[in-house]
Amino acid sequence: MKAEKLHLRNFTPGELEGWIESLGEKKFRARQIFRHLHKRHVDSWDTCTDLSLDLRRRLQNLSTLTALELKKHMVSRDGTERFVFALADSETTGLGIETVMIPDPPRYTVCVSTQVGCPLGCAFCYTGKIGFKRNLTAGEIVEQISLVQRRIGSKRRITNVVFMGMGEPLLNERELFRSLEILLDPQGFSLSHRRITVSTVGIIPAMERLGKSYPVNLAVSLHATSDDVRSRIMPINRTYPLEQLLRACKRYPLPPRKRITFEYILLDGINDSESDALALSEMLKDLRCKVNLIPYNPFPGSPFKRPDDRKIERFQNILLDRYITATTRESRGLDIGAACGQLVGSLENAEESEYGKAGFC
């Protein structure tokens, strides 16, 4: 039986060194290969001319450079780009993963997925409606960034990575941490921890391990000011209720000059009242934090509505008046289904890549 080829983007620096040495090669070859994978984002060993022809042939026979295949690429009127990738098992699941690139020159932010689907079932999120299929490997996570970088070209360089795509990152803790190791390594993507944000609904034990291991930015999906409402729209609240979550945030090992970001989706008539704003400001008054208000982005079959602009502004002003830093997130990529909560990973009509033809929403 033919051995399955190794996906080399899945190796951390130490793992790659061990594998290269097992082939009888010098350790420094691993550093060269790591740079090719995560700095040059190569798609062929033929371009790696600092490696011997014999080594390139061995790498070609033993390994693969890609585990993802681009099926859709859509560009929003606001410049946001949405990518849908098929995986090796997409024929079985019928699903791929989605990645979003948000341009704000000179900043270019990539929003990556960590799971195929999501097990959490948040009522306001399209991804949760499809359920959970599997975790992504670290290689599948970081390859999203490499493929987007190749697609957008060398004149635009990815500067920021946010783990806010499909899935709950901290329910894929091992592969998340391995991907962070690759992204932070100076020989690889060489991203600063200030340029990486991990978003979570509040998986408290994993959140605490993240804080002890990696000084990246933390974003916590809050979305309600009472356990009753939060449990209704976010079932995870029954496991980690608000009081426990806020205590965990207070003891989170924040590096100097950093703050926790609390994400708060505004749902008309559900969590957007003046009393909600007052309660939120009271909850957060002793935390080093900021609030990111997200007016709800609709998806097919959703029962929720977006509040009008006047209510959104009033909610924000109540927080600001009580010295809580609060911004309202502009919905980017709404016209192509790339906004927060709209990612679903469908491969239907995947041959259509031109703006407006795939028509998710």
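Helices (H or I, at least four residues) and strands (E, at least two) are DSSP runs, and they are numbered from the N terminus. The views below all come from a predicted model.

**View 1. T159 sits in a loop between a helix and a strand.** Start by finding helix 6 (138-152) and strand 9 (160-163); T159 is in the loop that runs between them. Is T159 buried or exposed? Its relative accessibility is 11%, and buried means under 20%, so T159 counts as buried. Which residues does T159 touch, once neighbours within four places in sequence are set aside? They are P106, R107, Y108, L191 and R195.

**View 2. Two domains meet along the chain.** Domain 1 covers 6-64 and domain 2 covers 69-351. Measuring over C-alpha atoms, their centres are 32 Å apart. Where the domains touch, 15 residues of domain 1 are in contact with 19 residues of domain 2. Together the two domains bury about 1400 Å² between them, and 53% of that is on carbon and sulfur atoms. On the domain 1 side, R9, N10 and H41 lose the most area to domain 2, making up 36% of what that side buries.

**View 3. Charged and polar pairs cross the domain interface.** Two salt bridges are found across the interface of domain 1 and domain 2. The same interface has ten residue pairs in polar contact. Which elements give two or more residues to the side of domain 1 that touches domain 2? They are helix 1 (13-22) and helix 2 (28-38). Helix 2 supplies the largest share of that side, with four residues. Sorted by class, this side of domain 1 holds five nonpolar, five polar and five charged residues.

**View 4. R150 and D43 form a salt bridge.** Look for the closest N and O atoms of this pair, which are 4.0 Å apart. By the rule used here, the count of salt bridges comes to 18. Some of these charged residues are linked up in a network: E15, R174, E175 and R178.

**View 5. R247 pairs with E243 along a helix.** Both residues lie in helix 10 (residues 242-250), four residues apart, which is about one turn of the helix. Their side chains meet in a salt bridge at 3.1 Å, N to O. How much of each partner is accessible? R247 is partly exposed, with a relative accessible area of 43%, while E243 has 55% and counts as exposed, because exposed means over 50%.

**View 6. R329 and E263 bring parts of the chain together.** The closest N and O atoms of this salt bridge are 3.0 Å apart. R329 lies in the segment after strand 14 (326-328) and E263 in strand 12 (residues 260-266), so the pair ties together parts that are 66 residues apart in sequence. R329 has a relative accessible area of 26% and is partly exposed, whereas E263, at 4%, counts as buried.

**View 7. E140 and R134 meet in a salt bridge.** Follow the two side chains to where they come to 3.0 Å, N to O. Is E140 buried or exposed? With a relative accessibility of 7%, E140 counts as buried.

How values were computed. Residues numbered from 1 in each chain as written. Predicted model: local features only at pLDDT ≥ 70, side-chain atom pairs only at ≥ 80, totals over all residues. Heavy atoms only, no water. Domains from an automatic or database assignment. Contact = heavy atoms within 4.5 Å. Buried area = accessible area lost by both parts, 1.4 Å probe. Polar contact = N/O pair within 3.5 Å; in protein donor to acceptor, adjacent residues only side chain to side chain. Nonpolar A, V, L, I, M, F, W, Y, C, P; charged D, E, K, R; others polar. Buried < 20%, exposed > 50% of the residue type's maximum accessible area, 1.4 Å probe, protein only.
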